[in-house]
Amino acid sequence: MKHTGIVRKVDELGRVVLPIELRRNLDINIKDSLEIFVNEEQIILKKYVPADIFTGSMEDLIDYRGKKISKQTIIELANVAGLKIAE
């Protein structure tokens, strides 16, 4: 893990401001979502990139009940269920 030397205080609402330099370097824009991970005593923030919940693919995604699924996964699941779908 790379040390930046940047220190920020948590405000009364639990917020921390990410410096503009970090946001630019990591391509984090206003309204972007961040994933939060915990590793022992560390909090890790990662820019959220939606992906197929089964394969991790990020191509041809469809939103189904709040989850991302690729068209290829839908075709494969249909085949597993015995349905024939024209690709």
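**Exercise 1. Find which residues make the nonpolar surface patch of about 520 Å² and which strand gives the largest share.**

Start with the members: L34, I36, V38, I43 and L45 make this patch of about 520 Å². To qualify, a residue needs over 30% relative accessible area and no salt bridge, and nonpolar side chains (Val, Leu, Ile, Met, Phe, Trp, Tyr) are joined within 5 Å. Accessible areas come from the Shrake-Rupley method with a 1.4 Å probe, with only the protein chains shown counting as cover for residues. A salt bridge here is a side-chain nitrogen of Lys or Arg within 4 Å of a carboxyl oxygen of Asp or Glu.

Before going on, keep in mind that this is a predicted model, where local features need pLDDT of at least 70 and side-chain atom pairs count only at pLDDT 80 or more, while totals for chains, interfaces and linings use all residues. Residues are numbered from 1 along each chain as its sequence is written, and side-chain values use heavy atoms, leaving out hydrogens and water.

Next, sort by strand (a DSSP run of E, at least two residues, numbered from the N terminus). β1 (34-39) and β2 each supply at least two patch residues, with the largest share, 3 residues, coming from β1. V38, for one, sits in β1.

**Exercise 2. Work out how β1 and β2 pair, then do the β3 and β4 hairpin.**

Strands count as paired if DSSP finds at least two bridges between them. β1 and β2 run antiparallel over 6 bridges, and N39 has Q42 in β2 as its bridge partner. With 2 residues between these strands, E40 in the hairpin takes a positive phi near 55 degrees.

Now β3 (residues 61-64) and β4 (residues 67-70): they are antiparallel too, joined by 4 bridges. L61 pairs with S70, and I62 stands opposite I69. This hairpin also has 2 residues between its strands, and R65 takes a positive phi near 50 degrees.

**Exercise 3. Say which strand gives the largest share of the lining of the largest pocket.**

β2 does, with 6 residues.

Notes
Patch = residues over 30% accessible without salt bridge, like charges linked within 9 Å, V, L, I, M, F, W, Y side chains within 5 Å.
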